[in-house]
Amino acid sequence: MAAALVSLAVATSGCAASSGATSSGAASSNAPSRTAPSETAPGQTAAQPAPEQSAVSQPALPDPKAAIPKDPAKLARSLTGTVAELRRATDDWIRDGDPGKGQPPEPVVLLALQQQRVYRYLARNPEVASRTYARLSKSLAAQAKDNVTAIRNLLSLVHPISGSAKFRVQPAKPADVLLGHFKHAERRFGVDWEILAAVMFVETKFGRVRSPSHTGAKGPMQFMPGTWAAYGMGGDIQDTRDALLAAANYLRASGAPRDYRRALYAYNHSWAYVDAVQLHARQIKRDIRNYYAYYNWQVYVVTTDGDRRLTGP
C-alpha cells in the first residue's frame, strides 16, 4: 500500500501497491489545468468608500508569487498575520457564503496558499523553522510544527521527476459536499471523518489530482484495481462518494477505529505517511477551519527543475 503523493510532491504508487512510495512521472495526454478563483469587481456607487479608503481598512492579500521571507522574525510575523486573516476570511465564507456551492472566495484562496507556501519553506529549512517557532504564540507554534512535520515526512517519500512531466488535475468538489461524504462514510463504517479527509488531502488534494499512479492506482482515494474489487462494494473507482466509502471500508477492515496507526499503515506501508495523516487529522479535529484551509491548499509536484504548482492562482 502506498499513497499517490502528487498533491504534496509527486505521484507515487497507490492503494494496495506492494511497497512504499516510489517516483512516478505518471504522464497524461492533457496538460495540467489551472484553476483560479473568479474575480468580480462590484460597481461603485457614491455611497461606497473610494478605493484608497477601502485599502486602508483591509490588509492587502498576499501575492502568490512573492518571495517567502527567510528571516525567522519576518516569517513569524507573516505566518501570524496570514493565519489570523485566513481564520477571519474562513468565518466570513462559512457565515456569508456557501461552501457547499461554487468556488471559495479569493481571500481564502490566497491566504491559504500563502500559509501552505510558508509551511513548505519551513519544512525544507529545519533550522529556520525552529527559530520561527520560538517567535510564535504557543497555539500557532503547535499548529505550525504539526503542518511542517507532516509536509517534511511526505516530502521524504518522493523523488523528483522530469520537469516536463504532465499531470491531469481538475477542480475539487465543493468543500461542504465533500464534508457530507466524509460524515456519511463515518456513520456507515465508524471511521473518523477527519481521518478520511486527511487521507484524501494527502492522496489527491481532495480529488484535484486525476492522473493514475505509475502502479495503476486510480481515483480520488488512489485504489489499485485488486483492492477496489475487494472493498469497492461495486461502486465507481472515480466517484468521490464511492471512493470514500471504499476507503472507510478498507480502513475499518484494517483495524480502524480501534487502531488507526495499523489501519493507515495498511493503506501505505510508511510510518512517515501514517504520522503525516494523523497530524493533519489532529489539526482538523482541533478547529474545523483547518479543514477549509487544507481544502484550499494547492497541488505541487517536485521536479528536477524544482517545485511546480499545478493549481491555484
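**Notes on a cavity and a buried arginine**

1. By class, three nonpolar, four polar and two charged residues make up the lining of the largest cavity. Please keep in mind that this is a predicted model.

2. Which residues are these? The largest cavity is lined by Val 83, Leu 86, Arg 87, Thr 90, Gln 115, Gln 143, Arg 289, Asn 290 and Ala 293. Two elements give two or more residues each to this lining: helix H2 (72-96) and helix H12 (288-295). Of the elements, H2 gives the most, with four residues.

3. How much space is there? The volume of the largest cavity is about 60 Å³, and the structure holds one cavity of 30 Å³ or more.

4. Now to another spot you may like to look at, Arg 309. You will find Arg 309 in strand E2, which covers residues 306-309. Arg 309 is buried, yet it has no salt bridge. Asp 63 is the nearest side chain of opposite charge, and it lies 7.5 Å away. A salt bridge needs a side-chain nitrogen of Lys or Arg within 4 Å of a carboxyl oxygen of Asp or Glu, so Asp 63, at 7.5 Å, does not form one with Arg 309.

5. What does the side chain of Arg 309 reach instead? One partner is the backbone oxygen of Pro 313, at 2.7 Å. Another is the backbone oxygen of Thr 311, at 3.0 Å. When you open the model, it is worth viewing Arg 309 together with Thr 311 and Pro 313.

Conventions: Residues numbered from 1 in each chain as written. Predicted model: local features only at pLDDT ≥ 70, side-chain atom pairs only at ≥ 80, totals over all residues. Heavy atoms only, no water. Buried < 20%, exposed > 50% of the residue type's maximum accessible area, 1.4 Å probe, protein only. Lys, Arg positive; Asp, Glu negative; His and termini not counted. Polar contact = N/O pair within 3.5 Å; in protein donor to acceptor, adjacent residues only side chain to side chain. 1 Å grid on protein atoms, 1.4 Å probe; cavity = no way out; pocket = protein on both sides within 12 Å on 5 of 7 lines; lining within 4 Å. Points joined across faces, edges and corners; volume = space filled by probe spheres on them. Nonpolar A, V, L, I, M, F, W, Y, C, P; charged D, E, K, R; others polar.
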